[in-house]
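User: Please take a close look at one part of this protein with me. I am a first-year student, and plain words would help.

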Amino acid sequence: MFCITENNGVDWEGGGIVSIKAIALDFDGLIVDTETASYDSFCELVRSFDLDMPLEVWKEWVGGIQTWQLACDYLDAQLGKPVDREGLHRRHREMYTALIEELDVMPGVKQLLEDARRIGLRVALASSASAAWAVEHIKRCGLIDYFDVLQTRDDAAKVKPDPEIYRKAVEKLGVKPEETIAFEDSLVGTLAAKAAGLSCVAVPNRVTGLFSFEHVDLQLASLADMSLEEIIRTLEQSRDAAQG
């Protein structure tokens, strides 16, 4: 059992003060699995050229802002000639948008946000996506009111794996990095969170599950696997063990 303390930390009954005051969530691949949708739609596209798009290759581009450019470079190399990038982008966007509009939030996301609200933790979005993209879909999923801060690439000079987006999110939340847990699905996202000084929980999807996440504090197959209270307790126990 826990209750809110005067400094907005979490006080576990018999367990002392836990210093977590906020959580920060990535969007693409974590809140909605846009990463897998993007990969699946590009696979459908390259099949029209009688080619395959290996997941082992695609995963290296996940979480950045140059995925489309790199994917087209790969396709050029496989075909031995330049592709019509404008036409391909239009076709990919149509397929991708159709897939995205059918997607719901990932399992456990809404409960995580509800738990954070219930125990008084502040919540930030920390995404390398544009505000127009991320906010549009967060609104579509009915989650916008859970967020106190919306930090995107629109007001950041650098994107993940650079820590700037997380540093700005924490600053806007009014908390310290060590008081914040980041939730991420990708390698670049987890590297950004750790570089910014946050605890980090990795929740890979089908595309990002091929990465090694040995550098994170906790890895889950799904956010539905563990409550926020259990996550906080697990991270605190790990921290205490490391310090002891």
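Analyst: Let's begin with Glu 44, which in this predicted model has a relative accessibility of 42% and therefore counts as partly exposed. The cut-offs explain the label: buried means under 20%, exposed means over 50%, and partly exposed covers what lies in between. Arg 47 has a value of 45%, so this residue is partly exposed as well. The two side chains form a salt bridge, in which the closest N and O atoms are 2.8 Å apart. Both residues belong to helix α1, and the 3 residues from one to the other amount to about one turn of that helix.

You can find a similar spacing in helix α9 (residues 228-243), where Glu 236 and Arg 239 are 3 residues apart and so are separated by about one helical turn. Their side chains also meet in a salt bridge, with an N to O distance of 3.2 Å. Here the labels of the partners are not alike: Glu 236 is buried because its relative accessible area is 11%, while Arg 239, at 24%, is partly exposed.

Now try a pair that joins two helices. Asp 73 and Arg 85 form a salt bridge of 2.7 Å, N to O. This pair links distant parts of the chain, with Asp 73 in helix α3 (residues 67-79) and Arg 85 in helix α4 (residues 85-100), 12 residues apart. Asp 73 is partly exposed at 33%, and Arg 85 is partly exposed at 24%. In total, the structure holds 14 salt bridges.

Some of these charges join up in a network: Asp 26, Lys 160 and Glu 184 are linked by salt bridges. Glu 184 is a good guide into the sheet, for this residue stands opposite Ala 202 of strand β8. Strands β7 (residues 180-184) and β8 run parallel and share 4 bridges. Together with helix α8 (residues 187-195), these two strands make a right-handed β-α-β unit.

Look along β8 (residues 199-202) next. Ser 199 and Val 201 point one way, Cys 200 and Ala 202 point the other way, and all of them are buried. This fits a broader pattern: in a regular strand, side chains alternate between the two faces of the sheet. Ala 202 also has a bridge partner in β9, namely Gln 219, and β8 and β9 (residues 218-219) pair in the parallel sense over 2 bridges.

Step back and the whole sheet appears: 6 strands in the order β6-β5-β4-β7-β8-β9, open and with parallel pairing. β6 (149-151) and β9 are at the edges with a single partner strand each, so one side of each has no neighbour in the sheet. Elsewhere in the sheet, β4 is joined to the parallel strand β5 (residues 122-126) by 4 bridges, and Ala 24 stands opposite Ala 124 in β5.

Finally, follow the chain into the loop between β4 (22-25) and α1 (34-47), where Asp 28 is found. This residue is buried but has no salt bridge, and the nearest side chain of opposite charge, that of Arg 153, is 7.6 Å away. A salt bridge needs the atoms to be within 4 Å. What Asp 28 does have is a polar contact of 2.5 Å between its side chain and the side chain of Thr 34. Beyond its close sequence neighbours, Asp 28 touches residues including Tyr 96, Trp 133 and Asp 185.

Terms used: Residues numbered from 1 in each chain as written. Predicted model: local features only at pLDDT ≥ 70, side-chain atom pairs only at ≥ 80, totals over all residues. Heavy atoms only, no water. Buried < 20%, exposed > 50% of the residue type's maximum accessible area, 1.4 Å probe, protein only. Pairing = 2+ DSSP bridges. Right-handed = clockwise from strand over helix to strand, strands pointing away. Lys, Arg positive; Asp, Glu negative; His and termini not counted. Polar contact = N/O pair within 3.5 Å; in protein donor to acceptor, adjacent residues only side chain to side chain. Contact = heavy atoms within 4.5 Å. Lists of a residue's contacts leave out its neighbours within four places in sequence.
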